[in-house]
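Reader: I would like a close look at one helix in this structure, and at how its surroundings are put together. Please take it step by step.

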Amino acid sequence: MRNALGTVDTVLLLGGRSEIGLAIVERLVRDGARKVVLAARERPAESDGGPAERLRELGADVLAVDFDAARPETHAAVIDAAAEFAGDLDVIISAFGVLGDQARYDADPVAAAESVQVNLAGHVSAGLAAARRLREQRHGTLVVLSSVAGVRVRRANFVYGAAKAGLDGFAQGLGDALHDSGARVMIVRPGFVIGRMTAHLPRGPMPTTPGAVADAVVAGLREGRRVVWAPAALRLVWVVLRLLPRAVWRRLRR
Amino acid sequence: MTTDPPTRDARLSGWGRTAPTRARLAAPRDLADLAALVAKAPPRGLIARGLGRSYGDAAQNAGGVVVDCAALPPRWTLDERAGEVTATAGVSLHDLMRALVPRGWFVPVTPGTRYVTVGGAIAADVHGKNHHADCSFGAHVRSLTLVTADGRARVLGPGDPLFWATVGGMGLTGLIAEATFGLIPIETSRMRAETERTRDLDHTLELMTAADRSHRYTVAWIDLLATGARTGRGVITRGDHARRDDLPRGTPALDFAPGTRLAAPPYLPGGLLNRLTVRAFNELWYARAPRRRRATIQPIAPFFHPLDSVRDWNRIYGPRGFVQYQFVVPTGAEDTLRRVVARLAERGVVSFLTVLKRFGAGTPAPLSFPMPGWTLALDIPAGLPGLAALLRELDERVAAAGGRVYLAKDARLRADMLPAMYPRLDEWRKIRRGADPDGRFRSDLARRLDL
């Protein structure tokens, strides 16, 4: 249960190797979360001092489960396994995704479709399965890692951006569907995040880090926010960017 | 033909207005309805709720059923020969006092508000200003009717282990349907009260100990914003029920008419209670109290329930609500009390109602809060930065000293602290499992604390 001061007991991370996701979980555990489920495609070896071990050192009970975003038929079972281990799920973080490279997608339409399978369809099946559980509990928050890339899709990464735009819309609709259920959805829109996923890219404007995004998410959870931009100033930046004429927008390099 | 009790969807929180959750709120009409609700308990279980005065999540049950016991038809019968009353669980102490005081009887124990139900008073084993003399509410209960998980209405007395698991059991052993408890005979509806200022915490403790020997009711208000040599200064109130002779001839002795209630507006912004306003209030309150003890005659309501004159006073903390932190440390652990008070004062915790009380012996109930020692209760706005970590630090100190926090006030304790604070937790769990093997009685508090 989320307590009076916003501390939660249990967390499920879908995308158990996501840097942002793990940074959020680590903060929640430091604040008092006791049970964590890490759901990832390749389970990290138990012995190599991976994320599960780090979280255990911080005092959490950790369960690692197999999760493949591209196999929607397995998603409900992942949620059930997490609830079996942790009881009520106070926070579910949907953080999996692949960035990919637009030039490669231009050349390989199948790879492009597969990335959308993960970045959008995977979130739809996992998100709906999570929502069913939260609706039964009548409390809990689904945190959806969207991106500013989906706020207005850019030429430079429009396959990724289109999937995030779809995801953002899905998350908004799901949040509305859960209204009055006691459960809620929190949408996170980070800007350019310096990390493993973007290591090969030139740094974007107003860059942020997984830790800074996680700080914003944890503060947002405590305050019960519905949308979190990271950094917060991006909200205003994107008010302007959304208004740029198409002819200017098209010419943006990134 | 019987129909199911009416239910509706409700968003419920405790008195602190933090962490609300949603549940089906059922309005039972009689004992048969209570049994029907238990029989049809959903997978997420059910829990009784009275007037919602528990500060945290004790009477919430996300996704399950919450039984609104205050909806039960209020019935009570007074047995003057035995000096006891039998009341249905949803009867409030307010209603009982209105009926009983004019007849010369008073409830054995009243907390800081009259707006609690008999069922809630038992489930939280509430205490009052007379704990050192009269123990807690459960000590006065002679029998109670409990609808258990099997749908049976069992009549329990102090000889039954389930009786004591129900006293202080936070509603998790079943639905209390009615109870019989002893009353205090009174000659008047007034209190002979004395107030006096104290210089610092040691002075407060010394005067409290002395006052407990001579008065039935004692309590101290502490100015938590006073620091340095004045840390722990406060105002002590002692009192007893006034005798007929204490009143001027011709005054009606047993009238009881608590004044009409002011109401807090439905919306108030956060931040009204800040260091400035609370410091101003504390200075005023302290200065108002006499330097030397002074006796006054006052009605029951302002003596016991000053906050009841403002309806919905919990709204003054704004939309984010507040938490109440109440702990007890055993006699002999005064050093821990001193350190906690100093720590709160040093952190500048804005609590405008900080109350200190000395407890006497407790009841045999394994989950009951009081133990011989000192209890301190404070209200803190939930939005105070760093509050979670500060209270966790205090939990550790309190547990290390052999003390505990009060579950009826709690909204944020960690489950792993519970076994140290309540060493008889396993004994309680065993009795509860025996009466409710499938865990039909569930609350958000029970989930949060693995009760």
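Author: What follows is an account of helix α10 of chain B, then of the parts around it.

The model is predicted. Helix α10(B) covers residues 387-400 of chain B. Its length can be checked against an ideal helix: 14 residues at 1.5 Å a residue should span 20 Å, and the end C-alpha atoms of α10(B) are 20 Å apart, so the two agree.

Next comes burial. The buried residues of α10(B) are B:Leu387, B:Ala388, B:Leu391, B:Asp395 and B:Val398. Seen down the helix axis, these residues fall within an arc of 90°, so they line one face of α10(B). The spacing has a simple background: an α-helix has 3.6 residues a turn, so residues three or four places apart point the same way. On the other side of α10(B), B:Glu396 and B:Ala400 are exposed.

The cover over the buried residues of α10(B) includes two strands with longer listings, β18 (322-330) and β20 (373-381), together with helix α9 (334-346) and strand β21 (404-405), in chain B. After α10(B) comes B:Gly402, which has a positive phi, near 85°.

Helix α10 also takes part in the contact between the chains. That contact draws 20 residues from chain B and 17 residues from chain A. On the side of chain B that touches chain A, α10 is one of the elements that supply at least two residues each, along with β2 (21-26) and α13 (444-449). By class, this side of chain B has eight nonpolar, five polar and seven charged residues.

For the wider setting, the domain assignment of chain B gives domain 1 (72-186) and domain 2 (190-419). The C-alpha centres of these two domains lie 23 Å apart. Across the boundary, 30 residues of domain 1 of chain B are in contact with 29 residues of domain 2 of chain B. On the domain 1 side, α2 (93-100), α4 (131-134) and α5 (161-166) each supply at least two residues, and α4(B) gives the most, with three residues. This side of domain 1 has 14 nonpolar, 12 polar and four charged residues.

Another helix of chain B can be read in the manner of α10. In α1 (residues 31-39), B:Asp33, B:Leu34, B:Leu37 and B:Val38 are buried. Those residues fall within an arc of 140° seen down the axis of α1(B), so they line one face of the helix. The cover over them includes β2, β3 (46-49), β4 (65-68), β8 (141-147) and β10 (175-182) of chain B.

Technical notes: Residues are numbered from 1 along each chain as its sequence is written. Chains are lettered from A and ligands numbered from 1 in the order in which they are written. This is a predicted model: local features need pLDDT of at least 70, side-chain atom pairs count only at pLDDT 80 or more; totals for chains, interfaces and linings use all residues. Two residues are in contact if their C-beta atoms, placed from the backbone, lie within 7 Å. Helices (H or I, at least four residues) and strands (E, at least two) are DSSP runs, numbered from the N terminus. Ala, Val, Leu, Ile, Met, Phe, Trp, Tyr, Cys and Pro count as nonpolar, Asp, Glu, Lys and Arg as charged, and the others, Gly among them, as polar. The expected span of a helix is 1.5 Å times one less than its number of residues. A residue is buried if 20 or more other C-beta atoms lie within 10 Å of its own, exposed if 12 or fewer, and partly exposed in between; C-beta atoms are placed from the backbone. The arc is that of the directions from the helix axis to the C-beta atoms. Domain bounds come from an automatic or database domain assignment.
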